Amino acid sequence: MTPAPDDYSYLATQWAAIRQRVDAACREAGRDPAEVNILPVSKTFGPEVIRAAVALGLHRFGENKVQEIRDKSGPLADCAIDWVMIGHLQTNKVKDVARLASEVQSLDRPELAEALHRRLQTEGRVIDVLVQVKTSREESKYGLPPEELPAFLDSLRGYDTMRVRGLMTLAIHSTEPQEVRACFRLLRELRTQAVAQGHDLTRLSMGMSGDFPLAIAEGATEVRIGTAIFGSRPHADSYYWPELPK
Ligand SMILES: *Cc1c(COP(=O)(O)O)cnc(C)c1O
């Protein structure tokens with residue numbers, strides 16, 4: 001049966017289902033489900049769909065492109081949404097992020113940190129950030145190389161506009177669970193090292209619709225879920241991650 005165009009009841013069903021699957025993955029891993037948040041990823045879905053998700057009690061949404069945050073934040077201004085930037089961020093686009101986002105999970109290079117800091121100063125805002133680390137050997141995948149993390153974290157201490165809360169990664173696109181899991185394990189180990197170095201990092205944002213149980217098994221505190229909540233998107237993943245093979 002095809003639902004009416006304005007019938008968003010599937011969202012409640014899919015939201016409940018993914019929460020149950022996340023809870024089950026936590027139990028499987030011997031973890032407390034209360035330790036793992038779900039960040040709904042609303043990229044490509046319009047304001048009406050997001051408004052329906054807000055009615056379910058969701059108020060944080062992950063977006064992959066600055067343009068989409070800009071386009072949606074106006075029509076949804078009454079919803080008090082926390083927009084979370086999770087996609088590759090060009091230095092010349094920090095202005096809107098500094099103005100509109102409550103958090104950036106894709107901080108992955110010194111020039112970006114500097115540009116974002118300047119803009120946040122202008123806006124008089126302080127936001128949470130996660131450092132995105134490249135945990136797979138895939139060519140040109142965004143994220144800071146792991147060996148550069150210690151120095152990068154030290155440099156971020158100089159910015160009072162950003163609270164560094166943890167690390168984020170995208171795992172390798174692979175059908176081999178062991179390869180995917182190795183990416184998540186590396187991120188957890190990098191956090192352990194950073195904590196030993198004196199950084200107060202608690203969060204690990206890792207895992208998506210297709211691989212979240214592995215991420216939870218390796219200690220994810222947040223999984224970023226798009227498809228399993230909102231349904232499939234009109235474009236292939238290569239549209240969102242231009243560096244991937246088409
Ligand atoms: C789209 C996206 C997600 C969610 O992916 P799904 O497979 O739809 O759950 C997670 N993280 C990032 C960075 C994304 O761009």
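Is Y8 buried, partly exposed or exposed? The tour of this predicted model begins with that residue.

**First stop: the aromatic pairs**

Select Y8 and display its side chain. Y8 counts as partly exposed, because its relative accessibility is 22% and the partly exposed class lies between 20% and 50%. Now add Y10 to the selection. Y10 belongs to the partly exposed class as well, with a relative accessibility of 27%. The structure holds 3 aromatic pairs, and Y8 and Y10 form one of them, with an edge-to-face arrangement. Their ring centres are 6.3 Å apart, and the planes meet at 65°.

Next, select F61 and W83, which form another aromatic pair. Here the centres are separated by 6.3 Å and the angle between the planes is 45°, an arrangement that counts as tilted. F61 is part of strand 2 (residues 60-63) and W83 is part of strand 3, so this pair ties together parts that are 22 residues apart in sequence. In a surface view, consider how the two residues are placed: both F61 and W83 are buried.

**Second stop: the ligand**

Move to the ligand and display the residues around it. Which residues are the closest to the ligand? They are K43, N64, S209, T227 and R233, out of 12 residues that surround the ligand. By class, this shell comprises 5 nonpolar, 4 polar and 3 charged residues.

Three side chains deserve individual selection. Start with K43, where a polar side-chain atom lies 2.7 Å from an oxygen atom of the ligand. Continue to N64, which also places a polar side-chain atom 2.7 Å from a ligand oxygen atom. Then select R233: an N or O atom in its side chain is 2.7 Å from an oxygen atom of the ligand. On its own, the ligand has 390 Å² of accessible area, and the protein covers 96% of that area.

**Third stop: two backbone positions with positive phi**

Most residues other than glycine have a negative phi. Two residues in this model are worth inspecting with that in mind.

Select T44, in the loop that runs between strand 1 (37-40) and helix 2 (47-55). The phi of T44 is near 75°, a positive value in a residue that is not glycine. T44 counts as partly exposed, because its relative accessibility is 24%.

Then select A80, in the loop between helix 3 (66-73) and strand 3 (82-85). A80 is not a glycine, yet its phi is positive, at about 50°. Is A80 buried or exposed? Its relative accessible area is 60%, and A80 is therefore exposed.

**Fourth stop: a threonine contact**

Select T169, which is found in the loop between strand 6 (162-168) and helix 7 (177-196). With a relative accessible area of 0%, T169 is buried. Add T135 to the view: a polar contact of 2.8 Å joins the side chains of T169 and T135.

**Last stop: the cysteines**

How many disulfides does the structure hold? The number is 0. Select C26 to see a cysteine that is buried, with a relative accessible area of 0%. Finally, select C183, which counts as buried because its relative accessibility is 3%, under the 20% limit for that class.

Terms used: Residues numbered from 1 in each chain as written. Predicted model: local features only at pLDDT ≥ 70, side-chain atom pairs only at ≥ 80, totals over all residues. Heavy atoms only, no water. Near = heavy atom within 4 Å. Polar contact = N/O pair within 3.5 Å; in protein donor to acceptor, adjacent residues only side chain to side chain. Areas by Shrake-Rupley, 256 points an atom, 1.4 Å probe, with all protein chains shown as cover. Nonpolar A, V, L, I, M, F, W, Y, C, P; charged D, E, K, R; others polar. Helix = DSSP H or I, 4+ residues; strand = E, 2+ residues; numbered from the N terminus. Buried < 20%, exposed > 50% of the residue type's maximum accessible area, 1.4 Å probe, protein only. Phe/Tyr/Trp six-rings, centres within 6.5 Å; stacked < 30°, edge-to-face > 60°. Disulfide = S-S within 2.5 Å.
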